[in-house]
Amino acid sequence: MIETPDEKKLIKANFAPGKISKDGFLGSDERHLPDIIAQDNQTLLSLDISREEIAKNLQMLIDEGKKGLESPIDYGNFIIQVQWSRGALPCPFGDKIFVPKIMATVRHKQLKSTIEFSQLSVHLIGKHGFFGGKGSHFRLEPVDLVGFLNLKR
Ligand SMILES: [Zn+2]
């Protein structure tokens, strides 16, 4: 995707607080978006895991969690709770994709840790390799996700 300077500015604004997400997507991260993505991609390469594989697993958790109709559901190693809000969110990368407002809270029974992610996060990871800026509420550390999802090689 080749962007004009105006388009670049527009896309950057989408990641700031208050535009699509109340808290924004970048947190306290001062790196440029492509650098954030490139660094996480390096981590994934070193772990030999693709972003698509992570996204597929997160999507599976949402799909299973939906069966609980907003009540917690027991699924293998996980307890999943999914919440819906009305409407849809646009992807901040400006690809004209809208995703439903779905939020998943997933607890890993053995690890006793919990992650929270949205349907938008799944799109951002799978399509764009974007895991959130450091210090943002959205940030999912690739290395932690790989452990949480039991994807370690
Ligand atoms: Zn997108």
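Which residue of β3 is the bridge partner of V82? In this predicted model, V82 is bridged to A104 of β3. That bridge belongs to the pairing of strand β2 (residues 78-90) with strand β3 (residues 98-108), an antiparallel arrangement joined by 10 bridges. Within β3, V99 serves as the bridge partner of L89.

On the other side of the pairing scheme, β3 is also matched with strand β4 (residues 113-118), in the antiparallel sense and over six bridges. One of the residues concerned is R107, whose bridge partner in β4 is T114. The two strands, β3 and β4, make up a hairpin in which four residues separate them. K112 lies in the turn of this hairpin and has a positive phi of about 55 degrees.

Taken together, the strands form an open sheet of four, ordered β1-β2-β3-β4 and paired antiparallel. The edges are occupied by β1 (73-75) and β4; each has a single partner strand, so one side of each is left without a neighbour in the sheet. From one strand to the next, the twist averages 30 degrees.

Helix α3 is placed against this sheet. The helix lies across β1, β2, β3 and β4, and its direction makes an angle of about 95 degrees with β2.

Helix α3 (residues 51-66) also packs with a second helix, α4 (residues 119-128), the two axes coming within 8 Å and crossing at roughly 165 degrees. Because the angle has this value, α3 is roughly antiparallel to α4. The crossing of the two helices is left-handed. On the α3 side, the contact is made by R51, E52, I54, A55, L58, Q59 and I62. On the α4 side, the contributing residues are Q119, V122, I125 and G126. Classified by residue type, the contact of α3 with α4 comprises six nonpolar, three polar and two charged residues.

As to the confidence of the prediction, the mean pLDDT of the protein is 94, and 99% of its residues reach 70 or more. Helix α4, a partner in the helix contact described above, has the highest confidence, at a mean of 98. Confidence is lowest in helix α1 (residues 5-14), where the mean is 82.

Technical notes
Residues are numbered from 1 along each chain as its sequence is written. This is a predicted model: local features need pLDDT of at least 70, side-chain atom pairs count only at pLDDT 80 or more; totals for chains, interfaces and linings use all residues. Axes are lines fitted to C-alpha atoms, for helices over the stretch in contact, and angles run from 0 to 180 degrees between N-to-C directions. Angles under 35 degrees count as roughly parallel, over 145 as roughly antiparallel, 65 to 115 as roughly perpendicular and the rest as oblique. A crossing is left-handed if the near helix is turned anticlockwise from the far one by less than a right angle, and right-handed if clockwise. Two residues are in contact if their C-beta atoms, placed from the backbone, lie within 7 Å. Ala, Val, Leu, Ile, Met, Phe, Trp, Tyr, Cys and Pro count as nonpolar, Asp, Glu, Lys and Arg as charged, and the others, Gly among them, as polar. pLDDT is the predictor's confidence in each residue, from 0 to 100. Two strands pair if DSSP finds at least two bridges between them.
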